[in-house]
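Have a look at the chain below, and turn it around a few times before reading on. We'll go through a handful of its features one by one.

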Amino acid sequence: ATFTSPPVAVCRARAFSANEERLLDVYLAYYGRPADVAGLAYWRALADERGDVGFTIDAFSQSTEFQRRFGQMDAVQLIANLYQQMYGREPDPAGAAFFGAQLASGQTSLVSIAIHIFDGRLGTDQLVVENRRKVARHFVTRFEELGSAAPVLNDGNVLAALLADVRMDAATAQAGCALADQLLERPAGQ
């Protein structure tokens, strides 16, 4: 999808439960995108019933979306992709080698590696994640506000594009929120 340059927008969000916040993190870490509203509601209901979101890990790794978007990548490419999705940067060589070896050997699943990398963020990576979370929360909030007037958005690549240029400075988060508004307010079929 092609979008025009969005104006700066204010990111806003409804209150999210602890399970919803963790699910937003899992979507960001594994798919590099905001959660779609239907998926978030589905997984939240199960997480609320079971007490945590840990069970989603296996389901995410078996998804059609993962196979379609990332199934052709080898271990090295998958690890590099995780860092790009989360932090917008290449992995450090030692981390890439370590996680690549664990994935290639089957010692650890990609989802477990994604969550480990995500939960280990520091410094500027933390700032990038916070800004990407702002955009993800804003997207979900705006989508829910629009309700049935919201466009059908089931392309993971389109949703990932909302976060692709979000970095550590607040202006990139505001631009991501504006892009989300633009995506959600476009006429159906465009």
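Is Y27 buried or exposed? With a relative accessibility of 3%, Y27 counts as buried. Keep in mind that this is a predicted model, and the values here are computed from it.

**Rings that meet**

Let's stay with Y27 for a moment, since aromatic pairs turn up in several places: a search of the whole structure finds 12 of them. One of these brings together Y27 and F60, whose ring centres are 5.0 Å apart and whose planes sit at 70 degrees, so the pair is edge-to-face. The two rings come from distant parts of the chain, with Y27 in helix α1 and F60 in helix α3 (residues 56–61), 33 residues apart. F60 is buried too, at a relative accessible area of 2%.

Another pair is made by Y83 and Y87, and this one is also edge-to-face, with 6.0 Å from centre to centre and 65 degrees between the planes. Here both partners belong to helix α5 (residues 75–87), where they are 4 residues apart, about one turn of the helix. That spacing fits a simple rule: an α-helix has 3.6 residues a turn, so residues three or four places apart point the same way. Y83 and Y87 are both buried.

Here are the two pairs side by side.

| Pair | Centre to centre | Angle between planes | Kind |
|---|---|---|---|
| Y27 and F60 | 5.0 Å | 70 degrees | edge-to-face |
| Y83 and Y87 | 6.0 Å | 65 degrees | edge-to-face |

Y27 and F60 also belong to a wider group: together with Y30, Y31, Y42, W43, F66 and F70, they form one aromatic cluster.

Rings can have charged company as well. The charged end of R14 sits over the ring of F16, 4.0 Å from its centre. In another spot, R121 lies over the face of F118, at 4.4 Å from the ring centre.

**Helix α5**

Now back to the helix that holds Y83 and Y87. How far apart are the end C-alpha atoms of α5? They are 18 Å apart, and this agrees with the 18 Å that its 13 residues should span at 1.5 Å a residue. The buried residues of α5 are A75, L78, I79, N81, L82, Y83, Q85, M86 and Y87. They pack against α1, α4 (64–70), α6, α7 and α8 (123–146).

V76 is in helix α5 as well, but this residue is exposed, with a relative accessible area of 62%. If you'd like a distance to try out in the viewer, take V76 and G51: they are 25 residues apart along the chain, and their C-alpha atoms are separated by 34 Å.

**Helix α6**

Next, α6, one of the helices that the buried residues of α5 pack against. Its 13 residues should span 18 Å at 1.5 Å a residue, and the end C-alpha atoms are indeed 18 Å apart. Which residues of α6 are buried? They are G95, F99, G100, Q102 and L103. These cover an arc of only 165 degrees around the axis, which puts them on the same side of α6. That buried set packs against α5 and α7 (110–119). Turn to the face pointing away from the buried side and you'll find the exposed residues P93, A94 and A104.

Q102 deserves its own look. This residue lies in α6, which runs over residues 93–105. Its relative accessibility is 18%, so Q102 counts as buried, the cut-off being under 20%. Leaving aside neighbours within four places in sequence, Q102 is in contact with Q107 and T108. Just after α6 comes G106, which takes a positive phi of about 85 degrees.

**A disulfide**

How many disulfides does a search of the whole structure find? The search turns up 1. It joins C11 to C177, with 2.0 Å from S to S. The torsion about the S-S bond is about 110 degrees, so the disulfide is right-handed. The bond links distant parts of the chain: C11 is in the segment before α1 (18–31), C177 is in helix α10 (residues 170–185), and their positions lie 166 residues apart in the numbering. The two ends are set differently, since C11 is partly exposed, with a relative accessible area of 24%, whereas C177 counts as buried at 0%.

Terms used:
Residues are numbered from 1 along each chain as its sequence is written. This is a predicted model: local features need pLDDT of at least 70, side-chain atom pairs count only at pLDDT 80 or more; totals for chains, interfaces and linings use all residues. Side-chain values use heavy atoms; hydrogens and water are left out. A disulfide is a pair of cysteine sulfur atoms within 2.5 Å. Helices (H or I, at least four residues) and strands (E, at least two) are DSSP runs, numbered from the N terminus. Buried means under 20% relative accessible area, exposed over 50%, partly exposed in between (1.4 Å probe, protein chains only). Contact means heavy atoms within 4.5 Å. Rings of Phe, Tyr and Trp (its six-membered ring) pair if their centres lie within 6.5 Å; planes under 30 degrees apart count as stacked, over 60 as edge-to-face and the rest as tilted. A charge sits over a ring if NZ of Lys or CZ of Arg is within 6 Å of the ring centre and within 35 degrees of the ring normal. The expected span of a helix is 1.5 Å times one less than its number of residues. The arc is that of the directions from the helix axis to the C-beta atoms.
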